[in-house]
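Here's a quick tour for anyone opening this structure for the first time. Have a look at it, then read on for the main points.

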Amino acid sequence: MSAALPVEALEAGYEPGMPIVRGASLDVRAGEIMAILGPNGAGKSTLVKAAVGLVPIFAGRVLLAGCDITRTSAHRMIHEGLGFVPQTENVFAELSVADNIALAAAVGGRADRKRRIEEINALFPDLARQRALPAGSLSGGQRQMIALARALVVAPKVLILDEPSAGLSPKLVQVVFERLEAVRRSGVTIVLVEQNVKAA
C-alpha cells in the first residue's frame, strides 16, 4: 500500500518555543484505519490538529499523497483531500440534517454535488430519513453521524477523527465504528484519535 499521510518528525504546539508534540511520526497507508491511542493530555488531539492546519507546526512536515501540506491553511485542507471531524461543535445544531450536509457539499464546489449527497444518503440511511429534523434535536451518536457525513460529502482521500466515541453509549460507539469500517471499505483512509482502546 502507498503512503497516504506520512507525518515526519512533527513538533507542534500552541505557543512558540513550547511544543506539545515533539518528534512525532506517522506512516498512514492508503486504505487503512490507524488509531492513535493514549490517555487524556498525551498530545493526540494536538498532533492531528497540527496535521490539518489548526495548530502551529514548528518543525517536521506533513504529506498528503506525496504533496507537502505542512504550511497549508486549515480552510484549504478540504480542497487538498483531507477531512477532519472535531470532537465537539462539529454540526450546526439549528440547521436541519439535510442543510448540514448540503452546506458541507457546497464547500466542495458545484460539480457532482447532487450525486455526492445521494451517495451520503445511501451510506447514512437513518440520516436521510431524519433529514428535515434540526441536527441539535438528535442524539449524540446521530450528531456524530452527521459530522461524519459532512466530512465525507466532499470525498476526502484521508479522514481524521478526534475522539469519535467521546460521550457516546457503548451501543452508539459500536454503531459509529461500524459506519467507519464501511467508510474505509469505500476507499477512504482513516486516522482516529481515541481513548477508548477496546472500541479502537
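Let's start with a pair of helices: α3 and α4 cross in a right-handed way. Keep in mind that this is a predicted model. From that pair we'll go on to two other helix pairs, then the cores, and finish with a short helix and a loop residue.

**Where α3 meets α4**

- The two helices, α3 and α4 (residues 113-123), pack at an angle of about 135°, and their axes are 10 Å apart. Angles between 115 and 145 degrees count as oblique, so α3 is oblique to α4.
- On the α3 side, the contact uses I101, A102, A105 and A106, while α4 brings R113, R116, I117 and I120.
- Sorted by class, the residues of this contact come out as 6 nonpolar, no polar and 2 charged.

**Where α3 meets α6**

- Helix α3 also pairs with α6: their axes come within 8 Å and cross at roughly 25°. Angles under 35 degrees count as roughly parallel, so α3 is roughly parallel to α6.
- This crossing of α3 and α6 is right-handed.
- From α3, V97, N100, I101 and A104 take part, and they meet I146, A149 and R150 in α6.
- The contact of α3 with α6 has 5 nonpolar, 1 polar and 1 charged residues.

**Where α6 meets α7**

- The axes of α6 and α7 come within 10 Å, crossing at roughly 15°. That angle is why α6 and α7 are described as roughly parallel to each other.
- The crossing of α6 and α7 is right-handed.
- Helix α6 puts in G141, Q144, M145, L148 and L152, and they face L172, V175, V176, R179, L180 and V183 of α7.
- Here the contact residues divide into 8 nonpolar, 2 polar and 1 charged.

**The nonpolar cores**

- In soluble globular proteins, nonpolar side chains tend to be buried together.
- Which residues of the largest nonpolar core touch the most other members? Out of its 31 residues, they are F124, L152, L159 and L161.
- At least two residues of this core come from each of α3 (97-107), α6 (140-152), β7 (158-162), α7 (170-185) and β8 (189-194).
- With 7 residues, α6 gives the most to this core.
- Take L161 as a closer example: leaving aside residues up to four places away in sequence, L161 touches V85, L148, L180, I190, V191, L192 and V193.
- There's also a second, separate core of 28 residues, with A12, M34, V48 and L82 among them.

**A mostly covered helix, α1**

- How many of the 8 residues in helix α1 (residues 44-51) are buried? The count is 6, so to speak a mostly covered helix.
- The buried residues in α1 are K44, T46, L47, V48, A50 and A51.
- V48 turns up again in the second core.
- After α1 comes G53, with a positive phi near 90°.

**A loop residue, A166**

- A166 sits in the loop between β7 and α7.
- Is A166 buried or partly exposed? Its relative accessible area is 34%, and since buried means under 20% and exposed over 50%, A166 counts as partly exposed.
- Although A166 and G140 are 26 residues apart along the chain, their C-alpha atoms are separated by 9.2 Å.

Terms used:
Residues numbered from 1 in each chain as written. Predicted model: local features only at pLDDT ≥ 70, side-chain atom pairs only at ≥ 80, totals over all residues. Heavy atoms only, no water. Core = buried A, V, L, I, M, F, W, Y, C linked by side-chain atoms within 4.5 Å. Buried < 20%, exposed > 50% of the residue type's maximum accessible area, 1.4 Å probe, protein only. Helix = DSSP H or I, 4+ residues; strand = E, 2+ residues; numbered from the N terminus. Contact = heavy atoms within 4.5 Å. Axes fitted to C-alpha atoms, helices over the stretch in contact; angles between N-to-C directions. Parallel < 35°, antiparallel > 145°, perpendicular 65-115°, else oblique. Left-handed = near helix turned anticlockwise from the far one by under 90°. Nonpolar A, V, L, I, M, F, W, Y, C, P; charged D, E, K, R; others polar.
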